[in-house]
Amino acid sequence: MQISAQLKGLLIALCGFFALVISDSTFKSVAQSGVSVWQIIGTFCFASLLCTFIVAWMKDRAKSLVFQHKRVLILRSFFAGLNIFLGCIAFKLLPLADAYAIAFTAPIITTLLARLFLKEKINLWGVLSIILGFLGTLIVSFKIFDTGLTTNNLPHQDTYFIGILCMIGSAVGFSGCYVTVRSASAKIPALSFNFYTMLLAMLPTTLVLMMLDWGLPSLFDAPLFQPVSWMLTGKMIFIGIVATCGMLLVTHAHKYAPASLIAPTQYSQIVWGSLIGYLVFQDAVSLSTFVGALCIIVSGLLVVTHQYLTQRRLSITTI
């Protein structure tokens, strides 16, 4: 019975991460059509807010959207907003496989942030994961194993490295969000987290961007807001709905399987991302991306495995 429950959790998580890949790839498609990144984010965040509210209303008349643990929620919203905004820019600039490879540095960054802010010790496993993850990031960024391809002749070299930096920043935002919750030990419902993340992170940022666009329009590659076709509007709304469903599915999966089993399923994103990138965007996966992603995945699995073994030893000693 326990095995079937865990299998159910893994399948739900895989579906959730697949939905997130569909959302990311749709975002990349719309962004490449000339629509401002900020306009896409604003539209899909509004759709996500509406979708979350509808689900919460159907569940318990929106009682789960109570604004509790205010400081933690505001700090989480800041880091989550950083994760979303920088991640969206990175997905526009990078091939999907490269973007996901760099995104998977999040467990390594989490280890470093936990050491800095929570004073958690880093053992040999943690050191190895940091070194391996850093090595993988260098391999993906500088295309070390691709013959004839150096840092001087990378396609769109400047935007490529900007994309790499944005994705690293996005991973920092994801890790900061996770560490914030661990530091406060606050249990915030998934619906409440998603709703207030969108509300607190997106609205203030959109207002700032509108003022910047009015005062310094040269900062943006396209008008902040512009009329678009119904097809593109539908795609932007689709991004918000699918992303919300993906996040809720991943959260729901933790009811059936422990986090140590759910976490490795996230790496399925690089498989789907590589496949969609090749079929839809004609982005071939280079040898450097493959080797670098493998190093980053192994480094992340070292962290997950260590956490699982530590929890297991604690559970045995408490019996």
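**Exercise 1. The nonpolar surface patch**

Find the residues that form a nonpolar patch on the surface of this predicted model, and say which helix gives the most to the patch.

*Solution.* Start with the members: F142, I144, F145, V285, L287, F290, L294 and V298. Together they offer about 740 Å² of accessible area. Next, look at helix α12, residues 287-318, which gives the most to the patch, with 4 residues. Now take F290, which sits in helix α12. Its relative accessibility is 55%, and exposed means over 50%, so F290 counts as exposed.

**Exercise 2. Cysteines and disulfides**

Work out how many disulfides the structure holds, and check C245.

*Solution.* A search of the whole structure gives 0 disulfides. For C245, the nearest cysteine sulfur belongs to C51 and is 5.0 Å away. A disulfide needs sulfur atoms within 2.5 Å, so this pair does not qualify. Then turn to accessibility: C245 has 37% and counts as partly exposed, and C15, at 47%, is also partly exposed.

**Exercise 3. Inside the cores**

Identify the residues of the largest nonpolar core that touch the most other members, then list the contacts of I40.

*Solution.* The largest core has 57 residues, and F27, I40, I41, F44, M167 and M202 touch the most other members. Helix α3, residues 70-93, supplies the largest share of this core, 9 residues. Now follow I40: leaving out residues up to four places away in sequence, I40 touches F27, V30, A31, V35, M236 and I239. Finally, another core of 8 residues lies apart from the largest core, and its members include A13, F17, L20 and I262.

Note on methods:
Residues are numbered from 1 along each chain as its sequence is written. This is a predicted model: local features need pLDDT of at least 70, side-chain atom pairs count only at pLDDT 80 or more; totals for chains, interfaces and linings use all residues. Side-chain values use heavy atoms; hydrogens and water are left out. Patches are made of residues with over 30% relative accessible area and no salt bridge: like charges are joined within 9 Å, nonpolar side chains (Val, Leu, Ile, Met, Phe, Trp, Tyr) within 5 Å. Accessible areas come from the Shrake-Rupley method with a 1.4 Å probe; for residues, only the protein chains shown count as cover. A salt bridge is a side-chain nitrogen of Lys or Arg within 4 Å of a carboxyl oxygen of Asp or Glu. Helices (H or I, at least four residues) and strands (E, at least two) are DSSP runs, numbered from the N terminus. Buried means under 20% relative accessible area, exposed over 50%, partly exposed in between (1.4 Å probe, protein chains only). A nonpolar core is a set of buried Ala, Val, Leu, Ile, Met, Phe, Trp, Tyr and Cys residues joined through side-chain atoms within 4.5 Å. Contact means heavy atoms within 4.5 Å.
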